[in-house]
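Got the model open in your viewer? Here's a tour, stop by stop, with something to select at each one.

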Amino acid sequence: MKPNIVVVQADQMAAQAMGAYGDDAAKTPHMDALAEEAAVFDRAYCNTPLCAPSRASMMTGQMPSEIGCYDNGDDFPASMPTFAHHLRAVGYHTALIGRMHFIGPDQEHGFEERLTTDVYPADLDMVPEWGRPLDQRLQWYHGTDSVFTAGPSQATVQQDFDDEVAFRSLRHLNDRVRANQAAGEDVPFLMVTSFIHPHDPYEPPQEHWERFSEDDIPAPKYPAAPSPEDDPHSHRLRMMSGFDQQEPTADEVQRARRSYYAAVSYIDDQVGRIRQRLEELDLLDNTVIVVTSDHGDMLGEKGLWYKMSPYEQSSRVPLIVYGPDHLVPRGRFANPVSLVDLMPTLLELSDAPAADVAGMSLLESARREQDGKAGPEDRDVIIEYLAEGTHAPQLTLVRGQYKYIVCPGDPDQLFDLAADPHELQNVAASAGYVNIVQQLRKELDSRYDPEKLESDVLKSQELRRLVAYSLQQGKVRHWDFNPDPEQRYVRGDFWDALGYGQVRTPHNS
């Protein structure tokens with residue numbers, strides 16, 4: 001019997017802020033418990049540290065540059081198959097509940113049902129302009145306010161959204177049981193539940209804020225920003241967000257980080273509720289649960305906040321895969337993986353035909369590591385950054401203990417993560433690393449033509465700015481998704497409606 005699959009994705013949830021990844025200050029008991037019985041990937045990366053292109057890449061199994069989805073103001077083609085298309089084609093019911101930051105007129109991308117709208121607009125509102133001075137800030141840039149105003153709130157846009165996502169996810173699990181009862185067969189399902197927390201602004205519920213009232217949230221280990229000469233990209237990000245003009249105090253940093261940890265704790269509660277509902281409905285034994293995020297958050301390290309950086313806090317993500325023993329190897333896995341590996345993982349689980357994608361099944365990666373057939377240096381992970389805050393394509397290659405970063409006009413960077421896990425020493429110009437730099441540069445050169453990629457990105461930005469401007473003239477039609485009205489409760493035949501809606505407690509005596 002094919003397993004059900006539940007993917008829970010948070011937004012901007014950094015691996016380093018979770019108990020399962022070694023943070024003693026975190027309060028994430030539900031995700032930690034899941035990790036105890038799961039495959040946990042300790043070195044999982046996003047393929048671009050920005051929401052929309054990261055999610056499009058994850059869903060298609062392709063790098064952002066391959067699908068032409070460069071930034072948060074870019075769509076990807078409706079004709080590009082996603083894992084929702086593939087699973088739907090082999091008999092799965094597919095549903096998206098919550099955020100996916102789809103840009104463009106296709107707001108479903110293969111899902112049979114989408115049960116909520118998105119929290120952000122779906123139009124071409126966030127098109128970068130690489131030639132624009134960074135101090136000429138566009139309205140949608142991340143600013144400093146999220147740090148300076150962080151703290152608990154009674155109600156926020158993000159809280160309203162995520163409360164609805166959680167409610168509809170639990171009810172959708174009920175609905176899958178109802179549908180199977182009515183059909184007289186067990187149709188496997190894919191449910192993708194996607195929350196906006198702990199994304200800034202850092203405004204957690206009061207309840208979760210209070211959980212940290214007697215705990216010290218750790219300060220950033222290395223809060224000083226690198227020099228502009230050594231790391232121009234970090235300087236650009238600070239300038240774009242305004243942190244070069246206004247630095248938060250230690251108390252403001254602590255308050256923002258406490259707010260973030262509280263928001264992660266909120267996500268943990270929702271993971272616990274989903275697992276509990278699966279158990280209550282007798283679905284858990286045949287369900288694979290994946291917990292992940294689209295990227296991390298710098299949280300004040302190196303003077304940076306939010307994402308957009310290739311540093312570990314921004315580019316690493318949690319990736320936990322829980323499921324039946326015969327499907328999911330248990331343990332912790334050190335070989336680097338990335339979000340493009342999710343699609344082939346779901347294809348393997350669903351017994352769908354293999355697809356020509358950039359990733360490898362996480363299950364296969366885990367098996368190879370367990371069997372000693374692959375080590376950390378045997379497979380590269382690529383991270384692209386092609387959006388605001390850079391002036392040219394930034395490409396990062398992770399191979400084993402090394403992370404190599406290139407961007408035309410910037411100094412090359414090489415970090416030896418085994419000797420320097422906090423990425424403090426750029427050894428790209430060090431004599432002892434000459435051969436490593438040559439090998440990694442050769443690999444990037446074999447994969448990319450930076451001049452052509454830069455030309456493609458600039459042309460795309462130009463065309464999208466024209467399209468975005470023109471669509472705001474005259475009668476405006478937004479692409480935002482509005483769910484269909486639901487047909488539920490008692491409609492039509494009275495007793496049939498009541499009978500369909502009933503899901504009895506399993507094994508009720």
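**Stop 1: strand 6 and its neighbours**

Start by selecting strand 6 (189-198), which is mostly covered: 10 of its 10 residues are buried. Keep in mind that this is a predicted model.

Now add strand 1 (4-11). Strand 1 and strand 6 run parallel and are joined by six bridges. To find one of the pairings, label V7 and look across to its bridge partner in strand 6, V192.

Next, bring in strand 4 (residues 93-98), which also runs parallel to strand 6, with six bridges joining the two. Here, pick G98 and you'll see S194 of strand 6 standing opposite.

Before moving on, select helix 2 (residues 51-60). Helix 2 lies across strand 1 and strand 6, and its direction is at about 165 degrees to that of strand 1.

**Stop 2: the whole eight-stranded sheet**

Show the rest of the sheet. It is an open one, eight strands in the order 5-4-6-1-7-8-2-9, with mixed pairing. The edges are strand 5 (113-114) and strand 9 (331-333), each of which pairs on one side only.

Go to the strand 9 edge and select strand 2 (residues 39-41) as well: strand 2 and strand 9 pair in the parallel sense over three bridges. Label V40 and you'll find that R332 is its bridge partner in strand 9.

**Stop 3: two cis peptides and two positive phi values**

Back to strand 6, this time for backbone details. Select H197 and P198: the peptide bond joining them is cis, with omega about 0 degrees. P198 is still part of strand 6. Then select D200 and P201, where the peptide bond is cis too, with omega near 5 degrees. P201 sits in the loop between strand 6 and helix 7 (206-210).

Now jump to H109, in the loop between strand 4 and strand 5. H109 isn't a glycine, yet its phi is positive, at about 45 degrees. Is H109 buried or exposed? It is buried, with a relative accessible area of 1%.

L299 is another one to click on: a residue other than glycine with a positive phi, near 55 degrees. Look for L299 in the loop between strand 7 (287-293) and helix 10 (312-315). At 2% relative accessibility, L299 counts as buried.

**Stop 4: helix 12**

Select helix 12 (residues 362-370) and colour L362, L363, S365 and A366, which are buried. These four cover an arc of only 160 degrees around the axis, so they are on the same side of helix 12. What do the buried residues of helix 12 pack against? Show strand 2, strand 8 (319-322), strand 9, strand 10 (337-338) and helix 11 (342-350), and you have the answer.

Check both ends while you're here. At the start of helix 12, a side-chain oxygen of S361 comes within 3.1 Å of the backbone nitrogen of L363. Just after helix 12, G372 has a positive phi of about 75 degrees.

**Stop 5: the four-stranded sheet**

Now for another open sheet: four strands in the order 11-12-13-14, with antiparallel pairing. Strand 11 (381-385) and strand 14 (413-416) are the edges, each pairing on one side only. Direction ignored, neighbouring strands of this sheet are turned by 15 degrees against each other on average.

Zoom in on strand 13 (residues 402-406) and strand 14, which run antiparallel and are joined by four bridges. K403 has F415 as its bridge partner in strand 14.

Add helix 13 (residues 434-447), which packs on the sheet and touches strand 11, strand 12 (394-399), strand 13 and strand 14. The direction of helix 13 makes about 55 degrees with that of strand 13.

**Stop 6: the cysteines**

How many disulfides does the structure hold? Zero. For C69, the nearest cysteine sulfur is that of C51, 11 Å away. C69 counts as buried, at 0% relative accessibility. C407 has its closest cysteine sulfur in C46, at 16 Å, which is too far for a bond. C407 counts as buried as well, at 5% relative accessibility.

**Last stop: Y489**

Finish at Y489, in the loop between helix 14 (450-471) and helix 15 (494-501). Y489 is exposed, with a relative accessible area of 61%. Leaving aside neighbours within four places in sequence, Y489 is in contact with R171 and A497. Show the side chains of Y489 and R171 to see a polar contact between them at 3.2 Å.

Terms used. Residues are numbered from 1 along each chain as its sequence is written. This is a predicted model: local features need pLDDT of at least 70, side-chain atom pairs count only at pLDDT 80 or more; totals for chains, interfaces and linings use all residues. Side-chain values use heavy atoms; hydrogens and water are left out. Two strands pair if DSSP finds at least two bridges between them. Contact means heavy atoms within 4.5 Å. Axes are lines fitted to C-alpha atoms, for helices over the stretch in contact, and angles run from 0 to 180 degrees between N-to-C directions. Buried means under 20% relative accessible area, exposed over 50%, partly exposed in between (1.4 Å probe, protein chains only). A polar contact is a pair of N or O atoms within 3.5 Å; within protein, one must be able to donate a hydrogen and the other to accept it, and residues adjacent in sequence count only if both atoms are side-chain atoms. The arc is that of the directions from the helix axis to the C-beta atoms. A disulfide is a pair of cysteine sulfur atoms within 2.5 Å.
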